[in-house]
Structures are given as structure tokens and as C-alpha cells.
Amino acid sequence: MLSPADRAAHRRRAGGRRARIALESGLRLLALGMILLALTRALQPLSPAQGERASGPAVAAALDHWSMDPDVEVGHLSFAALPSDAERDWMRALRGAGMTLGYDTPVLLPLALTVASVPDPGRPLRVLVAAPAGSEVELRDAIGVLDTVSAASTGAELRGTALAATVTASLSGAVASAVVPDSLRLRPLLVLGRAGWESKFTVAALEERGWPVAARLVVAPDVNVVQGIILPLDTARLSAVVALDGSAAPLAPAIVRYVRAGGGLVLGVEAARIPALAALAPGTAAVALPVASDELAGPDPRRGLPLHPITRLRDDALPLERRGDVVAVAARREASGRVVQLGYDESWRWRMAGPEGSPEAHREWWAAVVASVARAPSAPSGTDMTTGNGLESEVTPPAAGARSLDDAPLARLIAAVGEPSTFSPEAAPFDGDAPTLPWWALATAITALLGEWASRRLRGVR
């Protein structure tokens, strides 16, 4: 026989058990409800009236219509070629306004193009192309086809001196285009060295190339031969300084300031050992390698020149030329300026004792070295700029109403509107906008099931 207190406790326990069972049933029903809601949302098709599709010639009209019809919430465009920049911007604007918009194009390969002026009196232009390795890219300008180049792992390069208006690169339906840049304003070079064969023929090579050259050649202590105006060293007066040997030491502090202000500097072997200039050098010139003088008349005459390998390269240095495993020419940036260090010495021997065509090859090599560091600002567009050295900058402004150019069409398209999508004839017009399971409903269902399981385990029921 239970006492009144025991009967009251028994009733409380029974009531708590019934409340827990009711809670467990409620959690189970909540979980089932959330699962059903998630599945319903995931399987519910979009209304066919919400989505429209356009392809080919109808794309322009569809973009215009969708921009004015608020009832069109979903659209898909099928392009026969890469969308123009106007179509690309229009698609981005529609997406920004809240429209779900997909597109597809023919299979297109990535392609990019740039055209750059080279600081050189010959006014060469570098056409650089990025394309998949092994692909054949056709290059043309406003007049006609320039060439077909085969892209390597690092792309392809073409040099020209007379390119008209714009350059385009074509590859499997993709077309990249870039405007031919303005000419550069070239200023004189300053050559510092001792009076001798190296200084004489370095100045000769640069002047033959068309560079105006100022020079200070040391004949003896306190005896200099000066050509042109030497000081001040200023980026407004000089395109680059060529320091061939230790005679540049008295001007080293001024050269350092000039480079850090944006000027260019070429360091010969001995000049790179001047303490102030060594702080700018890409590396350290080691002891010269044995010279095979008979190589001067061979197919690679520079192998017959004395070479001081450039070692202990700085982290920001870039090797420009190697001979086997050693670095022969290296470059780096110093603040706003550029510095090239030469490991070759006595380059005049190449010009004097090399095979046929050596004077031209020597001149071309020195021109390329100087062009890699020379400071040469663009001339103002639409005007003819004449520098104090007599070099004129010829500028061809773009024609009025010309179509805007796109130097990396596929990359810019994907950056603007995302990856292409696959059209589906069902309500969802492309892959990315198919309905998904609501995460919050699934999270609620899982929490409810875990709560029911924990409650049943605590009261000893499986």
C-alpha cells in the first residue's frame, strides 16, 4: 500500500515521462517536416514563364527586351562567337539588377595580347602573345597579316617597326586586340669609361644605332675627354647611364640618386665593384673564366669574350643571359629605376675579331642591353614631340568611333560574368541556378533528430 507521498511522487514521474514522450514525438515530427520542406523546395521547378532563351542574331534583341521587362527573371544566351565587350557589360548589368542570367559559347581557347614600345632609336615594337603551348596564333595589324607564331610554354613574341593602328591575335575563334602604343621620347645616354677600345666601340655602337651619346672618357688623372653635357644626372635629361669601369667612381653618389629617381644603369664588370654602385648591382662579379679566343670567330662570338660569372644574385635579381650554368647578364629594380649588370668584359674584341656581321651583331646586343633599362616616357597622344636630341615621336591617335579593344577576351569575360553554363530545356535554364536544399531546414531536422535520440537514451529507451 503506497503512502500519499509515494503516490504523489509516482504521479510526478509518470507525468514527466509523458511530457518527455510528447517532446520526443514533437522533435520527430519537426525533423520530418523540415526534411519534407527541403525536398519540396529542391524538387519544385521554376515557372516556365520566368525563363527565356536567345541565341545567335536574337541575342541583341533579347538583351534589350530583358532590360525593360521586369517579369523576365531568368535568361540564357547562346553566343555563336565570343560576346563583344558591349554584350559582356550588358550581361553584367542585368545580373547586377537581380536577373538570373546564364550563357554559353563555342569552345574557346585562352588568349591574351600586348604591344609594347621598346626604348630604342629604331622604334621597334614587341608583340607578346599568351596562348596554350603548341597553338598557332595568327597576328595581323590594320593593314594585313603580320605572321603566324607558335606559342611555347611562355607564349610567343614578334618584333616589328611599322605596325598600323591596332594588332589582333586570332586563335580558334578567339580574337584578342591591342592598340599600337605611342612612340617613346628618347633622351641621350651617358657613357663613363677610360679612354680605350671598350669605351670607343661602345660609344660607336650606340651612336650607330641612333642614340645620342654624352661621354666622359678618362685619359689620365685629372685629364678627361668630354662629349656633350655630363651633369646634372637627371631623368629629365638622360635615358640611361653606362658605367664601364672604375672611372665612374667620382660620380657614383649622383648615379645612385639618378637610378633611385627612375633612371637606368648598365654596369660593366669593374664598375659593379665600386662600393656605392655595388649596392645597386644584381650580384657579384666573380673571377673571369678561361677564355677560348678561337670562339670569337665561331657561331657564338660572345663565348670568346672574357666572362666574369655573376654570383650571389639578390633575391629580386633576374638572370637575362646565361652561358651554360653561369649567369652572364642579370638585372634588378632599384626603387623606380632599373640596373643591368654585365659579366662580359672587352666586348670590343667581338666587333673587331668576330665573324662577318659582327659589327652589326655587337651593335644590336648593346642596343638590347640599353633598351632593357632605358627610361623613355611616352609622348603625349595626338602631338609630335621632338626632344633636344632631334628624335621625333610620331603618334597616331585612334580613329573616331573605333571599337574598343580587348587584349584578353576570355579572361575578361569570365571575370565579368563567370564561367559559361549549360542550358537545360527544363525550367532551370542553366546549371548554376538549379534549386538547392535549404541549409537551415536540414540543420533544424538534424538538430531535432539528435535531440530526440538523446532524450530516449537518457530515459533508457532505444
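**Core packing and a small sheet**

In this predicted model, W365 has plenty to lean on: leaving aside residues up to four places away in sequence, W365 touches R302, E321, V329, L342, Y344 and W350. Both W365 and L342 turn up again in the largest nonpolar core, which has 32 residues. They are among the residues with the most contacts inside that core, along with V191, L206, W211, W366 and V370.

As for who supplies this core, two helices, α4 (197-209) and α8 (358-371), each give two or more residues. The strands that do likewise are β11 (189-194), β12 (213-220), β14 (240-243), β19 (326-334) and β20 (337-342). Helix α8 puts in the largest share, four residues. Apart from this core lies another one, of 25 residues, with L192, V259, A272 and A281 among them. In soluble globular proteins, nonpolar side chains tend to be buried together.

Elsewhere in the chain, there is an open sheet of three strands to look at. Its order is β4-β5-β8, and the pairing is antiparallel. Strands β4 (112-117) and β8 (156-160) sit at the edges with a single partner strand each, so one side of each is left without a neighbour in the sheet. From one strand to the next, the twist averages 20 degrees. The pairing of β5 (residues 125-130) with β8 runs over five bridges, in the antiparallel sense. Picking out one position, V127 has L158 in β8 as its bridge partner.

Terms used:
Residues are numbered from 1 along each chain as its sequence is written. This is a predicted model: local features need pLDDT of at least 70, side-chain atom pairs count only at pLDDT 80 or more; totals for chains, interfaces and linings use all residues. Side-chain values use heavy atoms; hydrogens and water are left out. Two strands pair if DSSP finds at least two bridges between them. Axes are lines fitted to C-alpha atoms, for helices over the stretch in contact, and angles run from 0 to 180 degrees between N-to-C directions. A nonpolar core is a set of buried Ala, Val, Leu, Ile, Met, Phe, Trp, Tyr and Cys residues joined through side-chain atoms within 4.5 Å. Buried means under 20% relative accessible area, exposed over 50%, partly exposed in between (1.4 Å probe, protein chains only). Contact means heavy atoms within 4.5 Å.
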